[in-house]
Amino acid sequence: MTSPARTLQSADVPGSGHRARRGSNSATVDGLPSSGIRRFFELLDETQGVISLAVGQPDFPTPAQITNAASDAMLAGHTGYTSNYGLPELRERLSNHIHRLYGVRYDPGRELMMTTGVSEALDLAMRALLDHGDEVLVPEPAYVAYQPVVLLAGGHYVPVPTAPEADFMVTVDALEERLTPATKAILLGYPSNPTGAVLERPAMEAIARFAREHDLFVIADELYDRLVYGIDHVCFPSLDGMWERTILLGGFSKAYAMTGWRLGYAAAPPDILEAMMKVHQYVMMSAPTAAQYAAVEALDSGEEDVRGMLAEYDRRRRMVVDRLNAMGLDTVEPRGAFYAFPDIRSTGLDDFTFAETLLAEEHVAVVPGSAFGESGRGFVRICYAADYDDIVEAMDRTERFVARRRSADGAS
């Protein structure tokens, strides 16, 4: 009697006439660019005694009362799913928080959603907005995940170069040059990772007018909104006519030192947020429950911690920029986040060679600027979310390295 399981046929055997097996990977995934920093971090793993100024996360621990709130919630049995949108009390507090800081009001019931990090929120925004072939204008240098999320959603990534002469702020003229009938949205990541640039209000208002005139959406990744120095952060949906055409993305990772908690949020008009929810409910269900209880505490009591960390980042920022400029690596003053982006072309090295050689010779880790797009070529990213004394030592080592390079060039 034949088994109900399918019997092996000769066509199943390689070389027996069965058609060739198609490639196992999605063509879309195969076509994604490899991370420009992957090779570099493999080298970093192989090197001992490194001072790392490469990883973009706070060196502070999560404030104790925030961690304790998560622990208390778990011990009280709050370990199941939350609403797909997130804890109602967290969304209520977040709505009030955004309104208090920026004067922008979102309905916590229909216009706010908690996500598993801002990375998920960014992915959901692209999938909800883009049809196949839609173009997204993205100022570069840009966060390394921006291009892949656009491509995975079926869109076309259109880099818009920025320059140190304009403090790495994107201009309307540059956006206009790359506008086509297929342009659907602008993705803005300010304060910027990797440059530390902040868009000032006049530049943002000009971009808002451009978006309205051409009927474009804006995805505003404002993860670093609390980490700005000497100026006020302007929340993009607060600009005239932009609330209804902006998806605001934010999170708790940077300001509250909660990178490993994986908690972000998206705020948008209800029709857009509902579209994002359709994807979120299938691929993620809900953001981590313990992290959401921690975030409630962060919004209730974390303001003093945020200000303390910001003051320390500012102290490091000023030292790093002064040291880099003094050693002849021209550095635009970063006005936000915790990165400096010096121009290293005067050393005669390209950015990957500079980073690799600095790591090998002086055991200091920085990230090649070209990992963030063509506009970053010839620069490196330095993260000053590290111990102050370690940063001083890293600057000393970098200064030695740069002097040695210039001496060698002069001798040749």
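## Second largest pocket

By class, the second largest pocket of this predicted model is lined by 10 nonpolar, 6 polar and 3 charged residues. The space inside the second largest pocket comes to about 320 Å³. Its lining counts 19 residues. P33, Q147, S370, A371 and G373 are the closest to the centre of this pocket.

Two elements, helix 6 (146-152) and strand 4 (156-161), each give at least two residues to the lining of the second largest pocket. Helix 6 holds the largest share, with 3 residues.

## Largest pocket

The largest pocket encloses about 500 Å³ of space. Its lining is made of 32 residues. Closest to the centre of the largest pocket are G56, Y143, N193, Y224 and K254.

Sorted by class, the lining of the largest pocket has 17 nonpolar, 10 polar and 5 charged residues. Helix 5 (residues 117-129) makes the largest contribution to this lining, with 4 residues.

## The sheet

An open sheet is built from 7 strands. The strand order is 2-8-7-6-5-3-4, and the pairing is mixed. Strand 2 (112-115) and strand 4 are the edge strands. Each has a single partner strand, so one side of each has no neighbour in the sheet. From one strand to the next, the twist averages 20°.

Strand 4 thus has two roles here: an edge of the sheet, and a supplier of at least two residues to the lining of the second largest pocket.

## The strand 2 edge

Strand 2 pairs with strand 8 (residues 264-267). The sense is antiparallel, and the pairing runs over 4 bridges. Within this pairing, M114 has Y265 of strand 8 as its bridge partner.

## Helices on the sheet

Helix 4 (residues 88-102) packs on the sheet. Helix 4 touches strand 2, strand 7 (246-251) and strand 8. The direction of helix 4 makes about 115° with that of strand 2.

Helix 9 (residues 270-283) also packs on the sheet. Its contacts are with strand 2, strand 6 (217-221), strand 7 and strand 8. Between the directions of helix 9 and strand 2 the angle is about 30°. Strand 2, strand 7 and strand 8 are thus touched by both helix 4 and helix 9.

Conventions:
Residues numbered from 1 in each chain as written. Predicted model: local features only at pLDDT ≥ 70, side-chain atom pairs only at ≥ 80, totals over all residues. Heavy atoms only, no water. 1 Å grid on protein atoms, 1.4 Å probe; cavity = no way out; pocket = protein on both sides within 12 Å on 5 of 7 lines; lining within 4 Å. Points joined across faces, edges and corners; volume = space filled by probe spheres on them. Nonpolar A, V, L, I, M, F, W, Y, C, P; charged D, E, K, R; others polar. Pairing = 2+ DSSP bridges. Axes fitted to C-alpha atoms, helices over the stretch in contact; angles between N-to-C directions. Contact = heavy atoms within 4.5 Å.
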